[in-house]
Amino acid sequence: MADPLGCCRPCATCLLCLYSCRWITAKKEKRKGLRTTKCDCSWFLFLFCVFLFTLVWLYFAIIILNDFHNFNEFIFKQRKMWLDWSLVLLVATAVLITYSAVLLVLALCLQLCSQPLKLHWLHKTLLILTALVVAAAFTGLGIKWAEEWRSARISLQATGPFLHIGIVGGMTILAWPLASFIYGARNTGLKVFLLLVYCTVMIALYLAPLGITSPCIMDENQLPPKPALIGHRGAPMLAPENTLMSLHKALDCDVQVFETDVMVSADGVPFLMHDEELSRTTNVQAVFPERTALNSTAFNWTDLQQLDAGSWFLERRPFPTVQSLSAGDRYQATQQRIPSLEQALEVAKGSNISIMFDLRPENHSDYQSFVNATLEVILRSGIPLEQVLWLPDGFREQVKQQAPGVKQVYGRKRLQDEKEPLLHVNLPYQDMSSEEIRQYRQDNISVNLYVVNQPWLFSVLWCSGVSSVTTNACQVLKEMKHPIWLLPSSTYLMIWIVVDCTSFLAILWAFLLVK
């Protein structure tokens, strides 16, 4: 009897060994009468579902990389241990997807070679563990990081057209082993069921582009201007965050606004610091070990100036870009100290760059005195007030009266009964749809979204018409002269028709050739 579909007997034996963990030749397998049972089919279906499950998780893992630095900071606050958990995530995901993909390929090859699908118990156990791990990951994501579901929805606007092509291609390839199984199966009901399911899925995929919407499906002459860049704590991938070095690196990236966080020392000096504690971005544990857990505002300015605000950047490497710093930049980083707001305003005034900041912590009992001290420094600095963007909501009316030229930026959407029209809003990128961005743009409301690090996300927001984005990766987004992809509607329609027709013909060919 000839080997099916040109599958040589040694190859079939090797596939059986890897999939079933039993060294049995194809000839002996036929003599022993081994065949694929309903239980084996169920395990193949489970394998296919696990593969799809891990594939979806891989997609999510890639999407949440944009925000993973926030997760690293969260873990540090909880455990006081710094690690780039994105590497752990990617390695673990790669192992799971590779394992399930290899098993699936082995199963499909065995089916094409008309060999039994006898999955070994060890593979079954590992597949169940894989499914549980991925399910736990999705559950944790939903509980602790629910906004990432909205990130995934936004990502589909960028990847939807390409995912459609990829899924159609994958389902088309699946027609070969499916045809082999159907022609070899004896159960007519099972044949009809599988054909109906496959045909339903393919028809849905062929019509899917009717429901795919993307802001980047437009003619090039309709593309809005490139969003302005706002440096999140400066340029934190190139220098220690919230330092003068970071501010200067942001200037090199042509950012228009320096975004930072301001606190006020115990003796009334406003300074740049994001965390309420100093342990993540300074060497406070070495200099003041007994005061490590104190709030940043409990230190006077003299004490704060004794702290090293740069060496942690080289030791912990919060971003992979730290490894590529020059020797000069590494030395400069070790010399950084906590800057005062006055120093930052001086640089901003001399560089004609705006500065936008939060005043922390807003729940502090002396918050009004923090506002007063900050306003005093701004007015004394001589910086044009239109270069100052005020984010804090507390005592906003007082700020408007004492410094009417300061731009008021709101961290919320406009209300229907808004007494005073909003001119500037600053929101997480997950909080605004493409339609809302376009509407705000038409109404001359400046929209800044944060934190945008990945080119795919920047491209979607660019096509949507956002005014500016706050970013950690100003050096990357600066180099983008065009969205990653921009597709005219007519071109997309042509691609859709060609892909669907090619897929349909390939499926027909598969069923005819296998028969």
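**Entry 1: the loop after E8.** I began at Val451, which sits in the loop between strand E8 (446-450) and helix H19 (455-464). The peptide bond that leads into this residue, from Tyr450 to Val451, is cis, and I noted an omega near -20°. I keep in mind that this is a predicted model, and that most residues other than glycine have a negative phi, and most peptide bonds are trans. On the other side of E8, in the loop that joins helix H18 (434-442) to this strand, I found Asn444. Its phi is near 60°, which is a positive value in a residue other than glycine. Is Asn444 buried or exposed? Asn444 has a relative accessible area of 64%, and because the cut-off for exposed is over 50%, Asn444 counts as exposed.

**Entry 2: other backbone exceptions.** I then looked up the peptide bond from Arg360 to Pro361, which is also cis, with omega near -15°. Pro361 belongs to the loop between strand E4 (354-359) and helix H16 (367-381). For Arg317 I read a positive phi of about 50°, although this residue is not a glycine. Arg317 is placed in the loop between helix H13 (311-316) and helix H14 (327-334), and its relative accessibility of 39% makes Arg317 partly exposed.

**Entry 3: Asp358 in E4.** Staying with strand E4, I picked Asp358, which lies in that strand and is partly exposed, with a relative accessible area of 21%. Which residues does Asp358 contact, once its neighbours within four places in sequence are left aside? I listed Thr260, Asp261 and Val262, together with Leu391 and Pro392. I also checked the C-alpha atoms of Asp358 and Met263, which are 8.6 Å apart although these positions lie 95 residues apart along the chain, counted as a separation.

**Entry 4: the chain as a whole.** I stepped back to the totals, and the chain comes to 21 helices and nine strands. Its C-alpha trace spans about 95 × 55 × 40 Å along the principal axes. Of its 515 residues, 50% count as buried. Among contacts with a separation of 6 or more, 67% are between residues 24 or more positions apart.

**Entry 5: helix H6.** I tested the length of helix H6 (residues 121-144) against expectation: at 1.5 Å a residue its 24 residues should span 34 Å, and the end C-alpha atoms are 34 Å apart, so the two agree. Which residues of H6 are buried? I wrote down His123, Leu127, Thr130, Ala131, Val134, Phe138 and Leu141. An α-helix has 3.6 residues a turn, so residues three or four places apart point the same way. The cover over the buried residues of H6 includes helix H1 (9-20), helix H3 (38-63), helix H5 (85-112) and helix H7 (147-173).

**Entry 6: H3 against H7.** Two of those covering helices, H3 and H7, I looked up as a pair: their axes come within 10 Å and cross at roughly 110°, which means that H3 is roughly perpendicular to H7. From H3 the contact takes in Tyr59, Phe60 and Ile63, and from H7 it takes in Glu148, Trp149, Ser151, Ala152, Ser155, Leu156, Thr159 and Leu163. Sorted by kind, the residues of this contact are seven nonpolar, three polar and one charged.

**Entry 7: helix H8.** In helix H8 (residues 175-184) I found Ala175, Pro177, Leu178, Ala179, Ser180 and Ile182 to be buried. Where does their cover come from? It includes H5, H7, H9 and H21.

**Entry 8: H9 against H21.** The last pair I took from that cover was helix H9 (residues 188-207) and helix H21 (residues 489-514), which pack with their axes 10 Å apart at an angle of about 160°. This angle makes H9 roughly antiparallel to H21, and the crossing of these helices is right-handed. H9 contributes Leu195, Tyr198, Met202, Tyr206 and Leu207 to the contact, while H21 contributes Trp496, Asp500, Ser503, Phe504, Ile507 and Phe511. I sorted the residues of this contact as well, and they divide into nine nonpolar, one polar and one charged.

Key:
Residues numbered from 1 in each chain as written. Predicted model: local features only at pLDDT ≥ 70, side-chain atom pairs only at ≥ 80, totals over all residues. Heavy atoms only, no water. Helix = DSSP H or I, 4+ residues; strand = E, 2+ residues; numbered from the N terminus. Expected span 1.5 Å × (residues − 1). Buried < 20%, exposed > 50% of the residue type's maximum accessible area, 1.4 Å probe, protein only. Contact = heavy atoms within 4.5 Å. Axes fitted to C-alpha atoms, helices over the stretch in contact; angles between N-to-C directions. Parallel < 35°, antiparallel > 145°, perpendicular 65-115°, else oblique. Left-handed = near helix turned anticlockwise from the far one by under 90°. Nonpolar A, V, L, I, M, F, W, Y, C, P; charged D, E, K, R; others polar.
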